[in-house]
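Trainee: Before we look at the model together, could we go through the labels attached to it and ask what each of them rests on?

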Amino acid sequence: MADMRVTLCGVELKNPVIPASGTFGFGREYDEIYDISRLGGVATKGLTLLPRLGNPTPRIAESHGVILNAVGLQNPGVEHFIEHDLAWLKGKTRVIANVAGSTLAEYGEICARLEGLVDFIELNISCPNVKCGGMTFGVKPESIREVTAVAKKNCPRTPLIVKLSPNVESIPANARAAEEGGADCISLVNTFTGLAIDIERRRPILFNNTGGVSGAGIKPIAVRMVYEAAKAVKLPIVGMGGITSAEDAVEFLMAGATAVQVGTANFTDTRASLAIAEGLNDWCDRHLVSRVSELTGTLKLN
Ligand SMILES: Cc1cc2nc3c(=O)[nH]c(=O)nc-3n(C[C@H](O)[C@H](O)[C@H](O)COP(=O)(O)O)c2cc1C
């Protein structure tokens with residue numbers, strides 16, 4: 001049996017597979033299907049200081065190999081999470097609290113509230129589905145540096161993961177900006193902005209008009225972006241985007257990721273994250289890889 005443990009920012013995960021933010025709630029519903037303590041961690045739904053109802057429906061549109069979503073950060077607010085979900089989740093696995101804000105001050109406040117309570121804070125500066133906040137902070141290197149610095153100042157003891165948007169000019173420049181701002185780790189990718197049209201009505205399918213594209217179809221673009229980010233910074237990388245199998249996860253590790261997140265695949269197969277974690281172990285055994293961490297960054301270009 002391969003050693004599946006990985007260390008991310010000094011924190012040990014029992015394996016490198018983490019359900020991605022927004023596709024796993026806070027883990028409770030999935031824990032009724034399988035024991036989520038078998039996962040490396042759980043990335044929570046994006047938390048904001050106050051509860052949010054999100055966007056009106058329709059909020060999800062299916063297409064070939066991908067979905068579009070415009071949920072709009074529906075969540076019960078950080079206080080509700082701390083009171084009702086955090087202790088339960090911490091008893092199971094590593095907790096990655098995904099957070100968002102509308103202003104720099106809000107990003108600072110929510111990080112301060114979670115400081116020392118969770119294993120990691122993942123800064124969502126890349127949500128394409130909210131008018132305030134979200135992607136406005138995550139497009140230009142200057143604002144990425146600034147929001148990262150504010151967040152880190154407010155959570156000096158908690159490892160800070162900055163989640164990058166793929167809807168940008170330069171992944172290397174943005175990864176470096178996060179590193180300069182004081183990030184401890186980088187995760188990518190969030191969703192790609194897309195548009196799905198109901199041709200009978202000649203209108204967008206989603207109420208929000210545009211939505212974020214995720215799922216199997218985005219994988220090659222995400223792998224390329226993870227590779228670029230890994231080359232640009234010294235920080236560890238958490239890779240995601242279209243992972244549906246253990247072999248997909250191996251691609252992200254070889255491209256430079258230390259751990260991976262599984263998003264949309266949890267919707268098509270509720271056991272996907274667990275199957276990928278177990279499949280990764282089998283893959284390592286079949287390929288005589290004694291430690292999964294040996295795979296990180298082993299891609300050799302032609
Ligand atoms: C319905 C839905 C909701 C999401 N909500 C969040 C969120 O709250 N915060 C965040 O950082 N990313 C969110 N994401 C993005 C995912 O965490 C992930 O970055 C993206 O879906 C790419 O991975 P995938 O192709 O495996 O789904 C959401 C994605 C989906 C499909």
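Mentor: Let us start with the word "buried", which stands for a relative accessible area under 20%. The model is a predicted one, and in helix H9 the residues that meet this limit are Ala246, Asp248, Ala249, Val250, Phe252, Leu253 and Ala255.

Trainee: What makes helix H9 (residues 246-255) largely enclosed by the rest of the structure?

Mentor: Seven of its ten residues are buried, so the helix as a whole is described as largely enclosed. The cover over these buried residues includes helix H8 (219-232), strand S15 (237-240), strand S16 (259-262) and helix H11 (272-286). Just after H9, Gly256 adopts a positive phi of about 130°.

Trainee: Why is Thr93 called buried?

Mentor: The relative accessible area of Thr93 is 8%, and the label requires a value under 20%, so Thr93 with its 8% is buried. Thr93 sits in the loop between helix H3 (86-90) and strand S7 (94-99), and, setting aside residues up to four places away in sequence, it touches Ile36, Ser37, Leu39, Gly40, Gly41, Val42 and Asp119.

Trainee: How do you know that the side chain of Thr93 makes a polar contact with the backbone oxygen of Leu39?

Mentor: A polar atom of the Thr93 side chain lies 2.9 Å from that backbone oxygen of Leu39, and the cut-off for such a pair is 3.5 Å, so the distance of 2.9 Å satisfies it.

Trainee: What makes strand S3 (17-19) and strand S4 (41-43) edge strands?

Mentor: Eight strands form an open sheet with parallel pairing, in the order S3-S16-S15-S10-S9-S8-S7-S4. S3 and S4 each pair on one side only, and this is what marks them as edges. From one strand to the next, the twist averages 25°.

Trainee: How do you know that strand S10 (residues 185-188) pairs with S15?

Mentor: Pairing requires at least two bridges, and S10 and S15 have three in the parallel sense, so the requirement is met. Leu188 has Gly239 in S15 as its bridge partner.

Trainee: Which residues have the most contacts inside the largest nonpolar core?

Mentor: They are Phe81, Leu114, Leu123, Ile186, Leu188 and Leu280, in a core of 98 residues. H11 gives the most to this core, with seven residues, and H11 lies across S3 and S16, running at about 175° to S3.

Note on methods
Residues numbered from 1 in each chain as written. Predicted model: local features only at pLDDT ≥ 70, side-chain atom pairs only at ≥ 80, totals over all residues. Heavy atoms only, no water. Helix = DSSP H or I, 4+ residues; strand = E, 2+ residues; numbered from the N terminus. Buried < 20%, exposed > 50% of the residue type's maximum accessible area, 1.4 Å probe, protein only. Polar contact = N/O pair within 3.5 Å; in protein donor to acceptor, adjacent residues only side chain to side chain. Contact = heavy atoms within 4.5 Å. Core = buried A, V, L, I, M, F, W, Y, C linked by side-chain atoms within 4.5 Å. Axes fitted to C-alpha atoms, helices over the stretch in contact; angles between N-to-C directions.
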